[in-house]
Amino acid sequence: MKKFLAIVLCLLMVSALFACTANQGEQQGDEGLNIKVGFICLHDENSTYDLNFINAAKAACEKLGIKDYVIKTNIPEGQECYDTAADMADNGCKVIFADSFGHEDYMIMAAKEYPDVQFCHSTGTKAHTENLPNYHNAFAAIYEGRYLAGIAAGMKLKAMLDEGKITADQLKIGYVGAFTYEEVVSGYTSFFLGVRSIVPEVTMEVTFTGSWYDETAEKEGAMKLINNGCVLISQHADSMGAPSACESMGVPNVSYNGSTIKVGPNTYIISSRINWEPYYEYAITAAAEGKAIDVDWTGTIETGSVELTELNTAVAADGTQEAIDAAIAAMKAGTLHVFSTDAFTVNGEKLDSCLADVDTDEAFTPDTEVIKDGYFHESEFRSAPYFGLRIDGITLLNESY
Amino acid sequence: MLHIAKRAGIPAWKAWLIRGGAIVLALIVCAIVTMIVTGLNPITVFKTMFDGTLGSSRRIWITVYRIAILLGISLAVTPAFKMRFWNIGAEGQVLIGAFAAAVCMFYAGKMPFFQNPDVPLAVKNLIVIPCMVIASLLAGALWGFLPAFFKSRWNTNETLFTLMMNYVALQIVKFMIAYRDVKYPWSSNGTVVGIFNSDQKLGAYSVGWLPEVAGTRYLLPAAVIGVLTVVLYLYLKYSKHGYEIAVVGESERTAMYAGIKVNRVIVRTMVLSGMICGLVGCLLVGTDRTLTDTLVDGRGYTAVMVSWMSKFNPIGMIFSSFLLVFMQYGAKEVASKPELGLNHSFADILTGIILFFIIGCEFFINYQLQFSRSKKREV
């Protein structure tokens, strides 16, 4: 038996040696930026949220000709994030990105330890109060994208009214959110305002799942809204739960994070998403050239950070694209502000002042006046959203999250 | 012809030789699979794994810390396994221990005494850290006691019971993280707490953090687990309790006949298991300085494998823990290199191959293959 084993072992070792000789030539391009970059992701490609970041990271590095980069996936929002960031810095990374809100404290910790390395954190809120020269936040003015997607939804509602599929008293839409935090509130409010700019009589119901990714809860949430009489659904959570519920019930859906047309060919209208590639390109280039990176960087439609994906003409109403283009032109011209105080009321009253919690503290104290010149200045005092107003016309079904 | 016979016994060196051979064989199979499936040089892949776990002093420390935590949990489940009490609740026991420690750390940071900058940090920590330890020991003990008590009283199924307790602990932690307490909310967006007492401007800064020893925060937990390993080895091997555990494991009836109070041993051992888990939870929170629902990250289940692979021998567990940590985090490093073009799943495949060989080799330790030689003589 021993002999048999020995022979097998020898054979395998020889074949392994041969394996080693089949060498992979590593190509190192001379062109492109000479800088090492690290990316930290909460999950891997199986999460739509992280996939969006991973694709952007790869695209940005390819565009800038960077060969030397690392992407670490499945890094939890704990000590491991600091360990990973510090390890990347040890290994010569000069710019390090992290993609999840909970990575922030750990990125700050690493930033303090490595002053020569730039730490860029997407979706965070603390850069403008930490005052570290090498720690930066980034987000996108996604509320503008939501508003535009809302226009597409409004056009669809109007078409349904005109065709007699629904009556004016059925004008109610639904929204599945993750948590009752500002990012979500800002998202559903801007979506609703977009819809209402087309159909002024519309109301909306919002339900929360208490998780960023919970397919069952999102599906159930969408079903509940549909059973409540909502005739169109949108969502802010990362699974296919809501789109697939809409498809099975034949209810039009406005999606998020990218097209979900595969799940809902007969119901998907349009989706808004954040494209992180422009930010990655900007920050990496700035770091390579030794220029300062913005403390808070907010991507917009112009920078290519806010995107609308794939209008499904089979479902969307005629003239949707034209309506969206007109709105984009108005935004660029500065004549259209999503959170114009003329567009919404809180408890029946128009607002002329509002203090938002821009500087993060433990008690969520409002600290900054954000209504000026007749509109709510979202994502200007810091990149992450802080619109937390509960406006009239939207009913929250549960607020426990 | 070939037939299989149970070995009467095998010298330790031979057993270890077989295990070593299995690892070598596993690496070779991994190399072949890597080459066939990806066309990459397998040496590059292994080198990357080595580099990822032992490539710098920081990486070595992190690896040591991870080994310590996995080893600690494996130690915790061992007494119960030796007793044939199928405790798969380590995940929950660690998490609830971590939670108890986190509660102490979090609310201490809100108290005026701890916020007073005039009180030295050492004094504050002398109060908070023992509280954290005691709280997590108690919490872990409770999580161990409940299934053992029900088992001894009503003969409930301990596997299901301990498994369910994991979910209870997980949901408690999730609830607290997401719960928006009006006065002291744990998290700002419902998913993460962040680092406890991390605001340098406040007097409660760094209260409850386990102290750094010799410039690294990872030495203290590693040392604690090191001591624990020795203590548990002695406890299982030389103490009366350890002997009782072994007898109950062999046969409950024999134990009863010998006058051992089986139910008492079961409850006592599970409380011990739970307490060790709780302590590990405390080390995790004190070192990581945060609480997340992924803090334990499945290590409560991996520990079951570690314990089994080492035949419940605490010293052997050091090696098994090292191997599993090396594989898991080496794999992560492989997945992080875009030039290799591999993702995490491929690394998992390699881990799977290696585990298959390691677990499979136990077969060759317990059984032997006999090639019948009689035929040759007949010819």
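Mentor: Domain bounds, as used here, come from an automatic or database domain assignment, and the model we are reading is a predicted one.

Trainee: With that understood, how far apart are the centres of domain 1 and domain 2 of chain A?

Mentor: Chain A is divided into domain 1, covering 37-140 + 277-299, and domain 2, covering 142-271 + 306-396. Taking the centres over C-alpha atoms, the separation between domain 1 of chain A and domain 2 of chain A is 29 Å.

Trainee: Which residue class, nonpolar, polar or charged, has 11 residues on the side of domain 1 of chain A that touches domain 2 of chain A?

Mentor: In the contact between the two domains, 18 residues of domain 1 of chain A meet 12 residues of domain 2 of chain A. On the domain 1 side, at least two residues each are supplied by α2 (48-64), α5 (127-130), β5 (135-140) and β11 (296-299) of chain A. Sorted by class, that side has 5 nonpolar and 2 charged residues, and the class with 11 residues is polar.

Trainee: Turning to the open sheet of 7 strands, which are its edge strands?

Mentor: The strand order in chain A is β12-β10-β9-β8-β6-β7-β17, and the pairing is mixed. Neighbouring strands are turned against each other by 20 degrees on average, with direction ignored. Pairing on one side only marks the edge strands of chain A, which are β12 (306-309) and β17 (394-396).

Trainee: Within that sheet, which residue of β8(A) is the bridge partner of A:V176?

Mentor: Strand β6 (residues 172-177) of chain A and strand β8 (residues 233-236) of chain A run parallel and are joined by 4 bridges. In β8(A), the partner of A:V176 is A:Q235.

Trainee: Which helix packs on the sheet, touching β6, β8, β9, β10 and β12 of chain A?

Mentor: The direction of this helix makes about 175 degrees with that of β10(A), where β10 spans 268-274. With 10 residues, α6(A) also gives the most to the largest nonpolar core. The helix packing on the sheet, residues 142-162 of chain A, is α6.

Trainee: Where does this largest nonpolar core lie with respect to domain 1 and domain 2 of chain A, and why?

Mentor: The core has 116 residues, and A:A85, A:V95, A:I96, A:M107, A:A152 and A:I233 touch the most other members. Leaving aside residues up to four places away in sequence, A:I96 touches A:G38, A:I40, A:A85, A:M88, A:A89, A:V117 and A:F119. Because domain 1 and domain 2 of chain A both give residues to the core, its place is between them.

Conventions
Residues numbered from 1 in each chain as written. Chains lettered and ligands numbered in written order. Predicted model: local features only at pLDDT ≥ 70, side-chain atom pairs only at ≥ 80, totals over all residues. Contact = placed C-beta atoms within 7 Å. Nonpolar A, V, L, I, M, F, W, Y, C, P; charged D, E, K, R; others polar. Pairing = 2+ DSSP bridges. Axes fitted to C-alpha atoms, helices over the stretch in contact; angles between N-to-C directions. Core = buried A, V, L, I, M, F, W, Y, C linked by C-beta atoms within 7 Å. Buried ≥ 20, exposed ≤ 12 C-beta atoms within 10 Å, placed from the backbone.
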